Amino acid sequence: MTDLVTLGQRIRHYRTDAGLTLDQLGVRVGIAGSQLSLMENGRREPRLSLLQSIAGTLEIEVSDLLDPAPPTARAALEIELERMQRSPVYAALGLPSIRATRTMPDDTLDALVGLHHELARRSKEAIATPEEARRANTELRQFMRTQDNYIPEIEKLAQEQLRQVGHATGALTHRTVSLMAKKLGFELIFVADLPHSTRSVTDLENGRIYLPPASIPGGHGLRSMALQALAHRLLGHHEPGSYAEFLRQRLEINYFAAACLMPLKQSVDFLSTAKAERNLAIEDFRDAFGVTHEAAALRFTNLATSQLDMTVHFLRVGEDGALYKGYENDGLRFPTDITGSTEGQIVCRHWSARLAFERTNRTTEFYQYTDTPAGTFWCSTQIGTSQAEEFSITFGVPFNDAKWFRGRDTTNRRASTCPDASCCRRPSGDLASRWSRKAWASAKLHAHILSPLPSGTFPGVDDTELYDFLEAHSGS
């Protein structure tokens, strides 16, 4: 059934075409004209039996009333104005609603609708600010902690998609991913001119998924990017209406890709065996399924609590010490700002996520115990390299669970009292006395901290560049 506003407009259209007043039609169908007025204004839903009576009286079909299209161009404007005035953006202004009367000129109505569209556009631009991004990301991180970072619905979806292409064991191949795409009506195409702000582009009209010609160093592999693009379709995603929705969608597609590359049963079997042998290691999990170290560590967080009965933490930290990605449900206290956001916060210099950068040999995992105000934690850290900089990937557990992991016998141990400034943020008294007011440093400013993301249909993606790309490839 169409929405009530459009339904009301169609009833009014056919009633006036028949030359009947509200009261006259009401008498013929057995209701008061005032009740019929509420229905025409989208304030009350009529029963199907009443719609049948109205259609019979007006000598039309019920389907004519239920058609979702506005009956006239004028009605379309009135419907749009009504919808826009019900939006949260307009409601937040505290302004009264304007009723489109019969005497309101069309150009006035058109201008009002145009103003509402501009208001909505500007509101959408605002969701791409760093402040909004951090707030939304904090809420999502806190929600996933309540779920133990586990999404059973997506696990089931991934298992079903793998079953349909016959994948049961071993690493997921590029050919199998291509078969998954083909079953959904898509062809994977590798191009060198993807828009700079995109990982992939899906052409819904022509059934194509465009991917870069090679994996992103330190980031997403081609299989993962293709699976993420397919996940949007499988999960029924629509254009995000807010930054929070955009982040939720991104989390879900990343989860789906990981659940395909490291399937639930095979992963749990592998990890359970390693746990029984007290030989758990992220690097072994990584190598067994042919994924990046970061992907393996994140996937471990999905399964650790729900399947292996242990709490964990995960960090991706830049060489400058900034925390760019994190998850914890084991009590480790991440650095946060006043809003509770962790993104961009500097982690303690005594954590393994920082100390691993000081090693000469960075090809193997670095193990360490860290005593903190929240307890003692064991961590495993691996250094990776992206196009821009080096970063560390840390996976850790509380002291009592270190017994399940390779590297538990390490003698590396540090103490951290952060967020106490005397731990590592305040220079020693001697150095402060020696250099205070005797030097001037020009700070390296991270532009993304101050700049809004490109605003468009998808936060962070330049619509102009995206549509130019699609047009250029549409005939190929």
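The following questions and answers examine the domains, sheets and nonpolar cores of a predicted model.

Q: Into which domains is the chain divided, and what distance separates the centres of domain 1 and domain 3?
A: The chain is divided into domain 1 (4–125), domain 2 (133–260) and domain 3 (262–415). Taken over C-alpha atoms, the separation between the centres of domain 1 and domain 3 is 57 Å.

Q: Which helix gives the largest share of the largest nonpolar core?
A: The largest nonpolar core has 61 residues, and those with the most contacts inside it are L227, F256, F300, M310 and F405. The largest share of this core amounts to eight residues. These eight come from helix 13 (residues 243–261).

Q: From which domains does this core draw at least three residues each?
A: The core in question is the largest one, with 61 residues. It draws at least three residues from each of two domains, namely domain 2 (133–260) and domain 3 (262–415).

Q: How many residues form the second, separate core that includes L7 and L51?
A: Apart from the largest core, there is a second, separate one. Its members include L7, I11, L51 and L65. This second core has 15 residues.

Q: Which residues does L227 touch, not counting residues up to four places away in sequence?
A: L227 is among the residues with the most contacts inside the largest nonpolar core. Not counting residues up to four places away in sequence, it touches L172, V177, M180, F256, A257, C260 and L261.

Q: What is the strand order of the open sheet of three strands, and which are its edge strands?
A: This open sheet has mixed pairing and the order 1-3-2. Two of its strands pair on one side only. The edge strands are therefore strand 1 (187–190) and strand 2 (201–203).

Q: Which residue in strand 3 is the bridge partner of D203?
A: Strand 2 and strand 3 (residues 208–211) pair in the antiparallel sense over three bridges. Within strand 3, the bridge partner of D203 is R208.

Q: At about what angle to strand 3 does helix 12 run?
A: Helix 12 (residues 222–234) lies across strand 1, strand 2 and strand 3. Its direction relative to strand 3 is about 145°.

Q: Why is one side of strand 5 and of strand 9 left without a neighbour in the sheet?
A: The open sheet of six strands has mixed pairing and the order 5-4-8-7-6-9. Strand 5 (323–328) and strand 9 (413–415) stand at its edges, so one side of each lacks a neighbour in the sheet. The reason is that each has a single partner strand.

Q: Which residues of strand 8 are the bridge partners of L315 and V317?
A: Strand 4 (residues 313–318) and strand 8 (residues 390–398) pair in the antiparallel sense over six bridges. In strand 8, V317 has S392 as its bridge partner. The bridge partner of L315 is T394.

Q: How many residues lie between strand 7 and strand 8 in their hairpin?
A: Strand 7 and strand 8 pair in the antiparallel sense over nine bridges. T385 stands opposite E390 in strand 8. The number of residues between the two strands of the hairpin is four.

Q: How many of the nine residues of strand 8 are buried?
A: Helix 16 (residues 293–308) lies across strand 4, strand 5, strand 7 (375–385) and strand 8, running at about 25° to strand 8. Strand 8 is largely enclosed by the rest of the structure, because most of its residues are buried. The count is eight of the nine.

Q: Is R286 buried or exposed?
A: R286 is found in helix 15 (residues 282–289). Its side chain makes a polar contact with the side chain of D287 (2.8 Å), and beyond its neighbours within four places in sequence it is in contact with V291, T292, H293, A296 and Q382. Its relative accessible area is 19%, and buried means under 20%, so R286 is buried.

Q: What relative accessible area does F399 have?
A: F399 is found in the loop between strand 8 and strand 9. Leaving aside its neighbours within four places in sequence, F399 is in contact with Y369, T376 and F377. The C-alpha atoms of F399 and T376, 23 residues apart along the chain, are separated by 5.5 Å. F399 is partly exposed, with a relative accessible area of 42%.

Definitions and conventions
Residues are numbered from 1 along each chain as its sequence is written. This is a predicted model: local features need pLDDT of at least 70, side-chain atom pairs count only at pLDDT 80 or more; totals for chains, interfaces and linings use all residues. Side-chain values use heavy atoms; hydrogens and water are left out. A nonpolar core is a set of buried Ala, Val, Leu, Ile, Met, Phe, Trp, Tyr and Cys residues joined through side-chain atoms within 4.5 Å. Buried means under 20% relative accessible area, exposed over 50%, partly exposed in between (1.4 Å probe, protein chains only). Domain bounds come from an automatic or database domain assignment. Contact means heavy atoms within 4.5 Å. A polar contact is a pair of N or O atoms within 3.5 Å; within protein, one must be able to donate a hydrogen and the other to accept it, and residues adjacent in sequence count only if both atoms are side-chain atoms. Axes are lines fitted to C-alpha atoms, for helices over the stretch in contact, and angles run from 0 to 180 degrees between N-to-C directions.
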